[in-house]
Amino acid sequence: MSEPLVVVDGVSRDYPGAGQVVHALRDVSFTAGHGELVAVRGRSGAGKTTLLNLVGGLDRPTAGRIRVAGRDVTAGAERDLLALRRDTVGFVFQSFGLIPILSAAENVGLPLRLTKVPAAERDQRVAVLLELVGLGGHARQRPYEMSGGQQQRVAVARALAHDPALLIADEPTGQLDSETGQAVMDLLRALVRARGMTALVATHDPTMMRVADRVLTLRDGHLVDEPVPV
Ligand SMILES: Nc1ncnc2c1ncn2[C@@H]1O[C@H](COP(=O)(O)OP(=O)(O)OP(=O)(O)O)[C@@H](O)[C@H]1O
């Protein structure tokens, strides 16, 4: 069997602070297999965002190695990281990150525009993706005409547009009420199952921890063994 989709090996990330260095991650190691949904929990400041950014190639560690889909995310040139993000990783953020002047369909189609997928194919894929997240009838609406849950669904559809092997979601339900958050979680769970994607989801939300295959706990930059509350 080939190596797991995500391999994090002895990763540390220091930030130079005013006067003293912040050790945001300290010697973190884990793997995430193909098709696995891994939740990352921890208090504010524990290092969740730092870890997700490193795995997604948005940042580089101070020490250690990360491989995603067989590619070294830590040693490559900037253009290799760009290629990784374009081909392999989809991102979902707490704040949705949609472009306000674009419709739902245009937001979802944006990554395909950047990779120069022909217009007809793009439109078809966008329609399928919006159906997939339950927004088939909302293609022309702009983000401000949609609820928070609907906006996050658009963001999920956009993250899936280029069919990434890895979905990285940083507090995807952080701005949603619990019922809407649950719906977005269920959607992520179903998508990971149906598409065989791997997902790494930072969350404070106990619901997400219940639907995850595995929960990693960060404390002060360390991975710790801690039972998950049920
Ligand atoms: N760019 C930066 N420069 C300096 N310190 C940083 C930077 N980014 C994060 N940190 C520090 O690194 C530590 C980990 O931050 P991180 O954002 O990864 O935590 P988190 O677990 O995602 O928190 P939250 O749940 O509040 O989003 C914190 O002490 C934070 O202040």
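# Helix packing and the ligand shell

Visitor: Helix 5 and helix 6: roughly parallel or roughly antiparallel to each other?

Guide: Roughly parallel. This is a predicted model, by the way.

Visitor: What angle do they pack at, and how far apart are their axes?

Guide: The angle is about 20°, and the axes are 9 Å apart. Helix 5 covers residues 148-160, and helix 6 covers residues 178-195. An angle under 35 degrees counts as roughly parallel, so that label applies to helix 5 and helix 6.

Visitor: Left-handed or right-handed crossing for that pair?

Guide: Helix 5 and helix 6 cross in a right-handed way. On the helix 5 side, the contact uses Gly148, Gly149, Gln152, Arg153, Val156 and Leu160. Helix 6 brings Thr180, Ala183, Val184, Leu187, Leu188 and Leu191.

Visitor: What's the class split there?

Guide: Seven nonpolar, four polar and one charged residues make up the contact of helix 5 with helix 6.

Visitor: Switching pairs. What about the axes of helix 3 and helix 4?

Guide: They come within 9 Å and cross at roughly 125°. Helix 3 is residues 104-114, and helix 4 is residues 119-132. That angle makes helix 3 oblique to helix 4.

Visitor: And which hand is the crossing of helix 3 and helix 4?

Guide: Right-handed, as helix 3 passes helix 4.

Visitor: Which residues meet there?

Guide: From helix 3, Ala104, Ala105, Val108, Gly109, Leu112 and Arg113. Their partners in helix 4 are Arg122, Arg125, Val126, Leu129 and Leu130. By class, the helix 3 contact with helix 4 counts seven nonpolar, one polar and three charged residues.

Visitor: OK, the ligand. Which residues are around the ligand?

Guide: Tyr15, Gly17, Val22 and Ala24 are among them. So are Gly42, Ser44, Gly45, Ala46 and Gly47. Lys48, Thr49 and Thr50 complete the list.

Visitor: What's the class make-up of that shell?

Guide: Four nonpolar, seven polar and one charged residues.

Visitor: Which element gives the largest share of the shell around the ligand?

Guide: Helix 1, with three residues. Helix 1 spans 48-55, and strand 2 spans 21-32. Each of the two supplies at least two residues of the shell.

Visitor: Last topic, confidence. What's the mean pLDDT of the chain?

Guide: The mean is 91. A pLDDT of 70 or more is reached by 98% of the residues. Where pLDDT is low, don't read the predicted coordinates in detail.

Visitor: And what ipTM and pTM does the predictor give the complex?

Guide: An ipTM of 0.96 and a pTM of 0.92.

Terms used. Residues numbered from 1 in each chain as written. Predicted model: local features only at pLDDT ≥ 70, side-chain atom pairs only at ≥ 80, totals over all residues. Near = placed C-beta within 6 Å. Helix = DSSP H or I, 4+ residues; strand = E, 2+ residues; numbered from the N terminus. Nonpolar A, V, L, I, M, F, W, Y, C, P; charged D, E, K, R; others polar. Axes fitted to C-alpha atoms, helices over the stretch in contact; angles between N-to-C directions. Parallel < 35°, antiparallel > 145°, perpendicular 65-115°, else oblique. Left-handed = near helix turned anticlockwise from the far one by under 90°. Contact = placed C-beta atoms within 7 Å. pLDDT = per-residue confidence, 0-100.
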